[in-house]
Amino acid sequence: MRALPKAHLHLHFTGSMRVETVRDMALGHGMRLPDSLRGSYPPRLSAADERGWFRFQRLYDAARHCVRGEADMRRIVREAALDDGAEGSRWLEIQVDPTSYAPFVGGITPAMEIVLDEARSVNATADETGSARVGVLMAASRIRHPLEARTLARLAARYAGRGPEGVVGFGLSNDERRGDTPDFAPAFRIAERAGLALVPHSGELLGPDSVAETLEALRPDRLGHGVRSVEDPRVLGAIVEAGVALEVCPGSNVSLGVYREDPDVPLRTLVEAGATIALGADDPLLFASRLLDQYETARTVHGLDDAEIAELARGSFRASRAPREVVDTALADIDAWLSAPA
Ligand SMILES: [Zn+2]
């Protein structure tokens, strides 16, 4: 499974951190981490209710507060790419909300430049280091004013069209129950005009009505999660028809209580509906479950065979903004993986 070429399209900057790295940063900056990021790691989470989500966000914020400057930011990009590469990921689209780090580096533009510059140096040396190559997604937050999303979209647009040297997509993250999706449409139109991949979260904490609203208001290329579209076959049908890919994160869904147990994640239903799927880890720091674990779960819990798993991997590249040559090579190598004797 490790040898299967994969593209990883759903990984948050802060949530990608190794727990040792968070502890290092906390020590270096003289900050105290919550117990569940120290002795009682990994945290037990559930966002099935607002309190559970609040707990998840508090831990997330604790980790984010340890990131206090350029060196920390560069380290996160570098380690995320190395860790992904070690699991057979060849292309990582990392999702960054630069506003969180802006105060430490002189604004959102320098924050973005630092991430992009580190991504460039990761990409330049990926063959020697075994890192995944990195593309950067800029993400706005649903809990902030929609005008902030517009500011970020304008910034993202300035870095668009440069392939992996620039920003490849624009996302919308945080608590799906907060904010009105149509209010973010102007930001998405700016990103769309710039040719960015549109990758909002939807269909995780809320059901198919919210997905339908997102499809109409934001015209996404992919949905972060989107799993709850299975609750209305018409909505799932519309996703498949429109060719909108789903970034499915089974480990995250169970950790956050979207589904109770691993088998409850509707991966097979989505596969059988013909949806394009890219498995993702979301926040391995908090869920203690990485990209490879998602593929293992597809096999051991959902019973997907090698051909179906290879198709997931193909989907991840087709739904990505990876450079053409990365996609072509990966698709050929996926075929070789599938035809190799077990
Ligand atoms: Zn996410």
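Two strands count as paired if DSSP finds at least two bridges between them. The exercises below apply to a predicted model.

**Exercise 1.** Determine in which sense strand 6 and strand 7 pair, and which residue of strand 7 stands opposite Leu-223.

*Solution.* Step one: locate the strands, with strand 6 at residues 222–225 and strand 7 at residues 245–248. Step two: count the bridges between strand 6 and strand 7, which number 3, and note that the pairing is parallel. Step three: find the partner of Leu-223, which is Leu-246 in strand 7.

**Exercise 2.** Describe the open sheet of 8 strands, its edges and the packing of helix 8 on the sheet.

*Solution.* Step one: read the strand order, 1-2-3-4-5-6-7-8, with parallel pairing. Step two: identify the edges, which are strand 1 (6–12) and strand 8 (277–279), each pairing on one side only. Step three: state the twist, which averages 25 degrees from one strand to the next. Step four: place helix 8 (residues 185–193), which packs on the sheet and touches strand 4 (167–173) and strand 5 (197–202). The direction of helix 8 makes about 150 degrees with that of strand 5.

**Exercise 3.** Characterise the largest pocket and its lining.

*Solution.* Step one: give the volume of the largest pocket, about 570 Å³. Step two: consider its 32 lining residues, of which Gln-57, Tyr-60, Arg-64, Ser-173 and Asn-174 are the closest to the pocket centre. Step three: name the elements that give two or more residues to this lining, namely helix 2 (50–65), strand 2 (89–96) and strand 3 (133–141). Helix 2 gives the most, with 9 residues. Step four: sort the lining by class, which yields 10 nonpolar, 11 polar and 11 charged residues.

Notes:
Residues numbered from 1 in each chain as written. Predicted model: local features only at pLDDT ≥ 70, side-chain atom pairs only at ≥ 80, totals over all residues. Heavy atoms only, no water. 1 Å grid on protein atoms, 1.4 Å probe; cavity = no way out; pocket = protein on both sides within 12 Å on 5 of 7 lines; lining within 4 Å. Points joined across faces, edges and corners; volume = space filled by probe spheres on them. Helix = DSSP H or I, 4+ residues; strand = E, 2+ residues; numbered from the N terminus. Nonpolar A, V, L, I, M, F, W, Y, C, P; charged D, E, K, R; others polar. Axes fitted to C-alpha atoms, helices over the stretch in contact; angles between N-to-C directions. Contact = heavy atoms within 4.5 Å.
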